[in-house]
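Trainee: Before we look at anything, could you show me the model and then let me ask how each term is justified?

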Amino acid sequence: MSGCSGTCVVVGASSGIGLAVARRLAQSGRKVAMLARRAGELDAQASLVNEALGRELARPYPHDVAAADDAEALFARIEDEWGEVDELHFVAGLMPEVAPDEFDLDKDRLQIEVNFLGAVAWCNAAARRFQSRGRGCIVGVTSVAQDRGRVGRPVYNASKAGMDTYLEALRNRLWRRGVQVTTVRPGFVETPMTSGLQLKGAIAADRAAELILKARDGGKAIAYVPAKWRLIMLVIRSIPSFLFRRLSI
Amino acid sequence: MTTATPPPDAPPRPTWRDEHVTGFGMSVGGPGRVFRPTGVEQIADAFADVRAQGGTLALRGAGCSYGDASTNRGGHVLDLTGMNRIRSFDPQSGVAVCEPGVTVRDLWRTSIGYGYWPRVVSGTMQVTMGGAAAMNIHGKNNYRLGSFGEGVRSFELMTPKGELVRCSREQNSDLFHAAIGGFGMLGCFTSLEIETKRVHSGRMRVWGIVARDLDHNFEILEDLHDKADYLVSWVDLHAKGAGLGRGLMHRADQMQPGEDPDGLRFFDASLQDVPMTLFGVVPKGWLWPGMWCAVAFGQVGLVNALKFHAGYREERSSPYLQSHGAFHFLLDYVPRWQWMTKPGGLIQFQPFLPKAEAPRVLRKLIELCQQRGHVPYLGVLKKHKPDPFLMTHALDGYSMAMDICVSKRSSRRDSLWRLCRQMADLVLDAGGRFYYAKDAVLTESSFPRVHGDAAVSAFRDLKQAWDPDGFFQTDLSRRMGV
């Protein structure tokens, strides 16, 4: 078990995996600060959690992850308002449609700001506090897409790879301070982000959340969600570059 | 040399395809020229096209009406399933603005994530919003929340001339109350504003209750109707004697806030879907041939008896928790189940009877079916209340949906139609009503008897005002002399 019992912060909690994680955390009795950009959606989801559970276990904190400079102050505000935070789930992610011949810096910058810089800002804020307290848990959701650079979404792949490597470094820094850092690499999951894609065999967001919390409880360093993706990505990673560039995966 | 090409932004002309169009029961229908629009302009184009040809047009959703409500032998059929966008959903109020081809499934998959469930759903989630409004469908909670139309706030209707008319309880109120339940005779819904209801868990508490006979079924409905959110009884129509009308009632209650914390995760739409495999491995799409064998080899009575006795086990393990989707969409449990009635197909005979007359008349109907050898393989008993729509089928009483296999042999088919018309007379004599999403057998003379002369006259006046040339027609409307 993670041993955490304080307030949780879930970044990217208005839909998809983040929402499912927030619901499961609240369902287990934890206080959850739900963060997302769309205030209306977030309010509706936090109210739904509280109504369903019959008490206030979720609070909405509207926040644009691309505004990385705001993370530190908001983290402090959450702790002021709702007690010490000892668990962070960074689940926010952006995956815009990119044409095969498109190179659009604005789109690319936004992905880097949300998927990478946003993750760094929130994990830094958590790491600073958790290391001094000697406990805490950080869960970062990257993607199986970080394992290879592919034709479809170069900057999505790169931003998730950046986040993944950063989380590994964070894990290596913090384990000696008693802080757990778990990297989660989901495969195909049914979420609003992937709704336009025809993903065969996609699992429900709630199932992904269940596996993520299991990985947290098991103290895992890296978890593929579901586990079969470890094998699939092992195969994909081992494909030599001269061959990989010819494939349509 | 230049080649004449249409401007790139010109909408494509409607492309009509010759298809065989049948009702859900596959027993009625015929050839029709079908077009599937994807936008409002294409509906207007299609109207103009058919008018120019002097033809008639039937409006069709998912084709879930059992009979001929969406077929038009030899005419045109506008299939609206391609207009399936939810234009908006307000997570604060639960109100959705839908195109007519949005299905019940599309709606709940959007709403459940915000803690809302459609007010009224049918036994299958394939039904479209346009079809649901045109037939004014009901669900297992008709006695509480009324019909589908009572959750429609407003809609836009396209008239035969291609004009859009906005209707609500305040605006064009007469058209609002007539187009809902008006079986597509007054115009084509192009947009509908639909309310959903708040739910506090992704699951409901469900009870199975064995009903020993028909009277016991009515007793349970009367005892529970002011407590239960949903009530529906499966009835074994093969049982005779003391067990006539026996069945298994299902009661479902919504959760109160805080009552089912574990139900929070069931707000994930993927956890609401009806499972598509049996025991996790057997695709349910393969099950209908087994059911076909039960029908073909005359074992439906045995299957019903087994199901009834299995009900005792369910009663002992009640209450249990079930997702909204699993409770409501029984007709989706076995895909293509209606194929078990091939090659003749099926009809559904669903009389609505006033409370005082229902026990006597329903008993008589069941006995008649058994005497004539047309025993329905499925019976479903529900409780109803009146609604404010002009062509309503609802009343203060009960309905019994009876699914009956249709034979390919013309003598058997004729005897079934004769039986249904005889039963319809009994129902109408008792002040009963019928529902056009189901009916396939009523005749023109029944129309005023179902609705009363005043309502029929008002409906015909509206038809004359909005569609004087009889542009919208279906096999049903011609059969009923609308």
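Mentor: What follows is a set of questions about domains, contacts and helix packing, each answered by setting a value against its definition.

Mentor: This is a predicted model, in which local features need pLDDT of at least 70 and side-chain atom pairs count only at pLDDT 80 or more, while totals for chains, interfaces and linings use all residues. Residues are numbered from 1 along each chain as its sequence is written, and chains are lettered from A and ligands numbered from 1 in the order in which they are written.

Trainee: How do you know where the domains of chain B begin and end?

Mentor: The bounds come from an automatic or database domain assignment, which for chain B gives domain 1 as 82-200 and domain 2 as 203-445. The centres of these two domains, taken over C-alpha atoms, are 24 Å apart.

Trainee: What makes residues of domain 1 and domain 2 of chain B count as being in contact?

Mentor: Two residues are in contact if their C-beta atoms, placed from the backbone, lie within 7 Å; the contact between the domains takes 31 residues from domain 1 of chain B and 32 residues from domain 2 of chain B. On the side of domain 1 of chain B that touches domain 2, there are 12 nonpolar, 15 polar and 4 charged residues, where Ala, Val, Leu, Ile, Met, Phe, Trp, Tyr, Cys and Pro count as nonpolar, Asp, Glu, Lys and Arg as charged, and the others, Gly among them, as polar.

Trainee: How many residues of chain B touch chain A, and of which classes?

Mentor: In chain B, 17 residues are in contact with 18 residues of chain A, and the side contributed by chain B has 7 nonpolar, 7 polar and 3 charged residues.

Trainee: Why is H10(B) called roughly antiparallel to H11(B)?

Mentor: Helices are DSSP runs (H or I, at least four residues), numbered from the N terminus, and their axes are lines fitted to C-alpha atoms over the stretch in contact, with angles running from 0 to 180 degrees between N-to-C directions. H10(B) and H11(B), the latter covering residues 410-429, pack at about 165 degrees with their axes 10 Å apart. Because angles over 145 degrees count as roughly antiparallel, H10(B) is roughly antiparallel to H11(B).

Trainee: Which residues make that contact, and what are their classes?

Mentor: Among them are Leu365(B) and Leu368(B) of H10(B), with Leu419(B) and Met423(B) of H11(B); by class, the contact has 7 nonpolar, 1 polar and 2 charged residues.

Terms used. Helix = DSSP H or I, 4+ residues; strand = E, 2+ residues; numbered from the N terminus. Parallel < 35°, antiparallel > 145°, perpendicular 65-115°, else oblique.
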